[in-house]
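Subject: Structure for your review

Dear colleague,

Please find below the structure that I am handing over to you. My notes on what was found in it follow directly after.

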Amino acid sequence: MDALKQELKEFIIEQLNLEDVNVEDIANDDPLFGDGLGLDSIDALELIVMLDKNYGIKLTDPKQGRAIFESIDTMAAYITEHRAN
Amino acid sequence: MSQSYKIKSYCHIKAHEVSLNGKVIYANDSNTFSEFIKAAYKSEKTKYPKFFKMDNLSKLAFLAADVLLKNENFDPEVEQNIALVFSNKSSSLDTDRKHQETIQDPSNYYPSPAVFVYTLPNICIGEVSIKYKLNSENSFFIFDSLNARHLKIYSDILLSNKKADEVLCGWVDFEDDSHYEAFLYLVSLEGNTDHNEHEINKLYNI
């Protein structure tokens, strides 16, 4: 699980172009949206694509994303439970 | 008698140099456009994390507009009635190509939303408008080269019809790392340079 969390942090920083943010700056329970990392709605769509591309998870209802993408902890837990690859 | 307008200030970005009113204010010898524009942006000390999420065309337009508007001491927190009239040759082709790469292989079909949103050239106008709170008139034209006559006529109409207090207009084109250019100028009632086709071309070709 720790390796997955590290992987998710690296993906978010690299793919969502977070400047001046390091893996160590993101706590596992930090909010990813709003006052946390400040991700926006386009970032949320990128995360949905990432779930499909990297882990074979298709979110049929984008509203599910609100709970899944709350933090690195919630993302890792959801991926661990639902991953197809 | 029709009102005569002036070019108040202008900004040029090309060949890894940023100049304001004809004077080079930043230059570096980066290998790539990405490295250059990031370093140039940081030299301006503008704090706007969304800059790093923009495509190349928007980064180019944003930086040129930011250099120019900051020099005019516009407060980005106060809404301004500055129309934006941009033009270029390559439209959003650079980003269009990147988007195509993500959808070309049916077995690996993962279009990136963050890329797709920039597959229109006028999105760069939106980026400038968001930063500077401009709910103003805007247009984006595609020409083979800078069309000073068209931009002059269009800007004059906006100003004379009171659609805008000033017009930020010009050329913002990104083809690839070696072929990019931004030339933006501010048309106003104030300034030392007459707003006419000859002067626009003269400043553009400096």
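A residue is called buried when its relative accessible area is under 20%, and exposed when that area is over 50%, with partly exposed in between. Please keep in mind throughout that this is a predicted model.

**Aromatic rings**

By the cut-off just given, B:F183 is buried, because its relative accessible area is 0%. B:Y185 is buried as well, with a value of 1%. The rings of these two residues form a pair: their centres are 5.4 Å apart and their planes stand at 40 degrees, so the pair is classed as tilted.

How many aromatic pairs does the structure hold over all chains? The total is 16. One of them joins B:F51 and B:F62, a tilted pair with 5.8 Å from centre to centre and 55 degrees between the planes. B:F51 sits in the loop between α1 (33–44) and α2 (56–71) of chain B, whereas B:F62 belongs to helix α2 of that chain, so the pair ties together parts that are eleven residues apart in sequence. Both B:F51 and B:F62 are buried. In addition, a cluster is formed by B:Y26, B:F33, B:F36, B:F174 and B:Y180, which are linked through ring pairs.

**Packed helices**

Two packed helices are described by the angle between their axes and the distance between the axes.

In chain A, helix α1 (residues 2–15) packs with helix α4 (residues 72–82) at an angle of about 115 degrees, and their axes are 10 Å apart. The crossing of α1(A) and α4(A) is right-handed. On the side of α1(A), the residues in contact are A:L4, A:K5, A:L8, A:K9 and A:I12; they meet A:I72, A:D73, A:M75, A:A76, A:I79 and A:T80 of α4(A). Sorted by class, this contact of α1(A) with α4(A) has seven nonpolar, one polar and three charged residues.

In chain B, the axes of helix α6 (residues 148–160) and helix α7 (residues 197–204) come within 9 Å and cross at roughly 125 degrees. An angle from over 115 up to 145 degrees counts as oblique, and α6(B) and α7(B) are therefore oblique to each other. Their crossing is right-handed. Here B:A148, B:R149 and B:K152 of α6(B) meet B:E197, B:I200 and B:N201 of α7(B). The residues of the contact of α6(B) with α7(B) comprise two nonpolar, one polar and three charged.

**Individual residues**

Which residue in the loop between α1 and α2 of chain A deserves a note? A:N17 is found there, and its phi is positive, at about 55 degrees, although A:N17 is not a glycine. With a relative accessibility of 37%, A:N17 counts as partly exposed.

In chain B, B:A15 also has a positive phi, near 45 degrees, and is a residue other than glycine. B:A15 is placed in the loop between β1 (6–14) and β2 (17–20) of chain B. Its relative accessible area is 63%, so B:A15 is exposed.

Finally, A:L45 lies in helix α2 (residues 41–55) of chain A. A:L45 is partly exposed, because its relative accessible area is 39%. Between the C-alpha atoms of A:L45 and A:I68 there is a separation of 13 Å, and the two residues are 23 apart along the chain.

Yours sincerely

Conventions:
Residues are numbered from 1 along each chain as its sequence is written. Chains are lettered from A and ligands numbered from 1 in the order in which they are written. This is a predicted model: local features need pLDDT of at least 70, side-chain atom pairs count only at pLDDT 80 or more; totals for chains, interfaces and linings use all residues. Side-chain values use heavy atoms; hydrogens and water are left out. Helices (H or I, at least four residues) and strands (E, at least two) are DSSP runs, numbered from the N terminus. Buried means under 20% relative accessible area, exposed over 50%, partly exposed in between (1.4 Å probe, protein chains only). Axes are lines fitted to C-alpha atoms, for helices over the stretch in contact, and angles run from 0 to 180 degrees between N-to-C directions. Angles under 35 degrees count as roughly parallel, over 145 as roughly antiparallel, 65 to 115 as roughly perpendicular and the rest as oblique. A crossing is left-handed if the near helix is turned anticlockwise from the far one by less than a right angle, and right-handed if clockwise. Contact means heavy atoms within 4.5 Å. Ala, Val, Leu, Ile, Met, Phe, Trp, Tyr, Cys and Pro count as nonpolar, Asp, Glu, Lys and Arg as charged, and the others, Gly among them, as polar. Rings of Phe, Tyr and Trp (its six-membered ring) pair if their centres lie within 6.5 Å; planes under 30 degrees apart count as stacked, over 60 as edge-to-face and the rest as tilted.
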